[in-house]
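Below is a walk through a predicted model. Please look at the structure before reading on.

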Number of protein chains: 2
Amino acid sequence: MNLRDLRYMIALAEHRHFGRAAEACGVSQPTLSVQLRKLEELLGITLFERSSKAVAPTSACDRLIGHVRGAVAEAEAILAVARDLRDPLAGRFRLGIIPTLAPYLLPLVFAPLREALPALEVEPWEDQTNALVERLRAHDLDALLLATEVEGVDLASRTLFAEPFLAALPPDHALASRDYVVEAELARDILVLADGHCLRDQALAACGHSGALGGALRASSLSTLLNMVAAGYGTTLIPGLAAGAAQDAGIVLRPLAAGAGRTVRIAWRTRFPRAAAVEAVGAVIAARLRGFAEGSAAGMTWVSGAGRDA
Amino acid sequence: MNLRDLRYMIALAEHRHFGRAAEACGVSQPTLSVQLRKLEELLGITLFERSSKAVAPTSACDRLIGHVRGAVAEAEAILAVARDLRDPLAGRFRLGIIPTLAPYLLPLVFAPLREALPALEVEPWEDQTNALVERLRAHDLDALLLATEVEGVDLASRTLFAEPFLAALPPDHALASRDYVVEAELARDILVLADGHCLRDQALAACGHSGALGGALRASSLSTLLNMVAAGYGTTLIPGLAAGAAQDAGIVLRPLAAGAGRTVRIAWRTRFPRAAAVEAVGAVIAARLRGFAEGSAAGMTWVSGAGRDA
DNA sequence: AAGCAACGATAGACGTTGCCAATCGTCGCG
DNA sequence: CGCGACGATTGGCAACGTCTATCGTTGCTT
């Protein structure tokens, strides 16, 4: 059975005239005649009672026409929906973001994304790197914002911006009076996030820490970490975009001497068909962060500017 | 777009494997591969993300698959309904019957019809001959039970049985003492039905009446006519099948000398596709009436038997 | 009564489509 | 590095849909 034949059937039921129905379908009268006879043979029933005077649908035709219209309507719907889905810059876009980035980056880029890609419904999903990569591979997410490289030929990524780390100190800390802090100086009393956060490993690596922290507390979120530093429990490294939140918590921030930092990138499946959407989202984020990146080697731009010029 | 391609799409969405999906569809893997690519090109969107490891439906595919399943389901429904409609001896059968026949014939044939044609839903429609023929030509009815011939090459008919007329007399009427009544003797005080009833013309013709009845009353139904005769207003001719009702009304019935009567036939459109149903209905009715027809020339069978042996 | 017009059915030719078997290219694994 | 699994590609073939031209029937008109 063919959708075309069903359209012929509908046309004939409406026009009750082979010639005019054929014209409405854009085919010749013999074509419609032959195809309709085939359909009747396939179904094993007579759909139309032909006479020299008029063509009339049989009761069987009346019983079937509803389903026939339904099938054709669904086919039309498929085409219509497909037309809407054709734009890769439209529709849902599930974007995974790591927890140390999401609360500080999203407020910055939400408005620009809405403006540049109004048809794209960006749905953020916050989780740690490993979980995000897993969900990306499982097609549960369309792209990720990470601070690490991705592994495997099935995944690809593009750098969006470089984000320097800053030393986060209690106001009364010995290092708080310095203009710059050497990364290794933080190793003694550094506080870090729980396992699984990429920022934990990167912070430890930046300050040359062995990784064996003994009984040191591991914060479950950057927000917790900041409050602990503010309370004088120790120091930490925070990503530049969190500078605003840190300052609000009453923490002293200082640039790092060696310019330690991380690279934020957008990652996606190599075969993902909506590469254009990934590219567009990445471009918007990179453009939004370009101002922050200038002169960021020194880190001062981030300390004074991040989260303040929106 | 083709229903076949939509089935391929569903299979691939379910199996997530070209080879197995193709096997499920009964085609080779290249066939499914090519057809699916064509479908994607037609829709302008990628439906499946292929990798060496796995095949995954895209979000666009997820959005479309509902409509796709809907279209295929409607197609299946068409086939299923058509299968039920294939039997010409099943389904609605709209049967027009004239008012002087319906009340007396239907009770006789309803049970036999249900028994012989259990799947046929016979829907009686009572009206006068002209209206019935009009509705038959308009495809509002499937067949008619008439007492007249039908005209036109578009219609055909078959004789079912011969039905004699009987003289209906008030018990105290002068003719009531006779064994037989000569038709012409009724002309003097005959009562007839209203215009449009074929029985009216046939009764008048049988007794040689001119047709100009002056102020004579014209009954709107045979039942009314019988009550009028019973009340002594005059005489009439009734069809044999109404004998039971007439006797119940206290009317004296007498056979007619010349054996006047009418022929009941079933009529249908020449091109009507369910000729088998017409034939079957006609056969059941003819068989049921066969007993009544024997020896009906004299008319006595009908007087004593009609409506009594059911 | 004969010719004509309208209509659906039929026939033959042609281009397209769907299909299969065979093969290729890629990727992952031992 | 070879092998196996998998999807993509190719070439040939048969079936299908479509066209133009024509036929047969029917109803109307002259």
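Which residues are closest to DNA strand C? They are A:S33, A:R50, B:Y8, B:S28 and B:T31, among 20 residues that surround the strand, a residue being near if one of its heavy atoms lies within 4 Å. Sugar and phosphate make up 81% of the strand C atoms that come within 4 Å of the protein.

In chain A, a polar side-chain atom of A:Q29 is 3.0 Å from a base nitrogen of DNA strand C. The side chain of A:S33 has an N or O atom 2.3 Å from a phosphate oxygen of the strand, and for A:R37 a polar side-chain atom lies 3.3 Å from a phosphate oxygen. Two or more residues of the surface near the strand come from each of α2 (18-25) and α3 (29-43) of chain A and α1 and α3 of chain B; helices are DSSP runs of H or I, at least four residues, and strands are runs of E, at least two, numbered from the N terminus.

The two protein chains also touch. Their contact (heavy atoms within 4.5 Å) takes 38 residues from chain B and 38 residues from chain A. Across this interface there are two salt bridges, each a side-chain nitrogen of Lys or Arg within 4 Å of a carboxyl oxygen of Asp or Glu. B:R269 and A:E49 meet in a salt bridge at 2.6 Å, N to O. On the side of chain B that touches chain A, α4(B) gives the largest share, 16 residues.

Residues are numbered from 1 along each chain as written, chains are lettered from A and ligands numbered from 1 in written order. Local features need pLDDT of at least 70, side-chain atom pairs count only at pLDDT 80 or more, and totals for chains, interfaces and linings use all residues, while side-chain values use heavy atoms, without hydrogens and water.

Notes: Polar contact = N/O pair within 3.5 Å; in protein donor to acceptor, adjacent residues only side chain to side chain.
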